[in-house]
Amino acid sequence: MSSTPSTTPNPVPGPRVDSPLRVVVAPDSFKGSLSAADVARAVATGVRSVVPDAEVVELPMADGGEGTLEALLAVWGVPAREVSTVDAIGRPRAARYGVSADGRLGVVELAEASGLPQVSDVALQPLHAHTRGTGAAAAAVLDAGVDEVIVCLGGSASTDGGAGILTGLGARLLDADGVPVPDGGEGLARVARLDLAGLHPRAREVRWRLAVDVTNPLHGERGAAHVFGPQKGAQPADVAFLDDALRRWAGVLVQETGVDVAELAGAGAAGGVPAGMVGVLGAELEPGARLVAEAIGLHAAVHAADLVVTGEGSFDSQSVNGKVADAMGALAAQAPHRPPVVVLAGRVLLPAHQAREAGIAAAFSIAPGPIALDELLDRTASRLVDLAASVTSLHVASRR
């Protein structure tokens with residue numbers, strides 16, 4: 001008697017009870033306390049205190065802003081490289097950049113050369129601050145022979161539409177008389193055309209990927225000048241001036257490249273940096289956490305994991321809107337047996353049901369109870385070890 005083939009779908013694989021516990025530890029930094037690599041190390045220590053033979057993969061993460069370079073270097077296991085360049089107001093400065101171990105991928109963090117903290121020792125110069133120093137760092141990455149460059153856009157001190165990066169790569173911005181315009185937003189108000197004859201020879205050969213976490217357009221009420229300009233010292237008159245300058249810059253880019261960036265979502269990030277890079281270099285805008293996850297091979301690691309632990313200083317509504325925890329939840333949801341994702345944070349402000357909707361199984365604060373912030377900062381590492389041990393014990397019990 002022949003049997004009828006079963007139509008029951010294959011079950012989703014469950015936890016591997018008989019195999020070593022596989023844990024992926026992929027946290028963001030705890031700003032003001034520990035780097036992402038330090039957080040990962042503390043969590044891994046806690047896991048191994050419960051399961052000494054656990055296979056723990058430490059993959060420090062970042063959302064594409066400040067700290068991303070450090071996280072990538074930690075995962076790649078390579079030292080930072082340095083280039084002599086200038087800060088956002090033209091003073092000499094050394095900026096770090098990174099190249100992956102295989103030499104294929106480079107990373108530039110805008111805050112290294114053109115960040116707001118580097119010029120906070122003097123009065124802010126919203127009309128003159130620029131990104132030319134980041135352009136010089138990008139040129140050094142190209143000289144290293146990479147095929148792809150990640151540019152992390154957090155912490156910008158300027159509103160120059162990315163013109164400074166292009167200048168640092170060898171382009172010239174000219175006024176109607178063919179004279180180079182000054183750096184910064186002031187120059188954008190006078191630019192009439194682009195001279196790309198001196199552009200770095202590899203600038204249009206590589207793939208440029210910009211890590212962004214905002215959707216603001218280049219100009220207008222939600223644009224770079226209006227939304228972010230005041231953070232960089234722009235007064236109301238400066239904001240109006242810079243917004244007009246960015247509008248003019250968008251027109252020049254259309255005229256010179258045929259690319260319209262005026263309404264491009266995210267073009268207003270970092271003072272409009274994506275505008276110039278998309279228009280001239282064909283750069284791609286991507287959510288920062290997703291881009292970093294791809295660069296460190298997180299997808300494969302999560303798919304092989306039994307448990308995923310991430311973390312950040314504050315777990316709130318922004319955490320599940322393109323940040324690291326959001327990326328972890330999405331990756332785990334795609335994995336064959338959907339490993340639980342647990343968040344360890346300095347504070348937990350997101351309701352549990354919203355966390356679950358984002359693919360987060362649970363979130364725990366490292367605070368042991370009422371405690372002063374300074375004391376908690378001093379105890380962050382030890383609290384992470386203890387909390388990771390508790391989470392691991394609970395997970396092991398559930399596997400049994």
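**Exercise 1. Strands E1 and E11**

Task: In this predicted model, determine how many bridges join strand E1 to strand E11, and which residue of E11 is the bridge partner of Val24.

Solution. Step 1: locate the two strands; E1 covers residues 22-25 and E11 covers residues 307-315. Step 2: count the bridges between E1 and E11, of which there are three, and note that the two strands run parallel. Step 3: look up Val24, whose bridge partner in E11 is Val308.

**Exercise 2. The sheet and its edges**

Task: State in what order the five strands of the open sheet are arranged, and explain why one side of E2 and of E13 is left without a neighbour in the sheet.

Solution. Step 1: read across the sheet, where the order is E2-E1-E11-E12-E13 with parallel pairing. Step 2: examine the edges, occupied by strand E2 (55-58) and strand E13 (362-365); each has a single partner strand, so one side of each has no neighbour in the sheet. Step 3: add the twist, which averages 25° from one strand to the next.

**Exercise 3. Helices across the sheet strands**

Task: Identify which strands helix H1 lies across, and which strands helix H12 lies across.

Solution. Step 1: take H1, residues 36-50, which lies across E1, E2, E11 and strand E12 (341-348). Its direction makes an angle of about 175° with E2. Step 2: take H12, residues 324-334, which lies across E11 and E12. The angle between H12 and E11 is about 160°.

**Exercise 4. Arg207 in strand E9**

Task: Establish whether Arg207 is buried, partly exposed or exposed, and which side chain it joins through a polar contact of 2.9 Å.

Solution. Step 1: place Arg207 in strand E9, residues 207-212. Step 2: use its relative accessibility of 34%; because this value falls between the limits of 20% and 50%, Arg207 counts as partly exposed. Step 3: list the residues that Arg207 touches beyond four places in sequence: Asp147, Glu148, Val149, Glu284 and Glu286. Glu148 is 59 residues from Arg207 in sequence, yet their C-alpha atoms are 4.6 Å apart. Step 4: identify the polar contact of 2.9 Å, which links the side chains of Arg207 and Glu284.

**Exercise 5. Leu210 in strand E9**

Task: Decide whether Leu210 is buried or exposed, and determine which residues it contacts beyond four places in sequence.

Solution. Step 1: assign Leu210 to strand E9. Step 2: apply the limit for burial, under 20%; at 0% relative accessibility, Leu210 therefore counts as buried. Step 3: list its contacts, namely Val151, Leu153, Pro274, Met277, Ala283, Glu284, Leu285, Glu286 and Leu291.

Technical notes. Residues are numbered from 1 along each chain as its sequence is written. This is a predicted model: local features need pLDDT of at least 70, side-chain atom pairs count only at pLDDT 80 or more; totals for chains, interfaces and linings use all residues. Side-chain values use heavy atoms; hydrogens and water are left out. Helices (H or I, at least four residues) and strands (E, at least two) are DSSP runs, numbered from the N terminus. Buried means under 20% relative accessible area, exposed over 50%, partly exposed in between (1.4 Å probe, protein chains only). Contact means heavy atoms within 4.5 Å. A polar contact is a pair of N or O atoms within 3.5 Å; within protein, one must be able to donate a hydrogen and the other to accept it, and residues adjacent in sequence count only if both atoms are side-chain atoms. Two strands pair if DSSP finds at least two bridges between them. Axes are lines fitted to C-alpha atoms, for helices over the stretch in contact, and angles run from 0 to 180 degrees between N-to-C directions.
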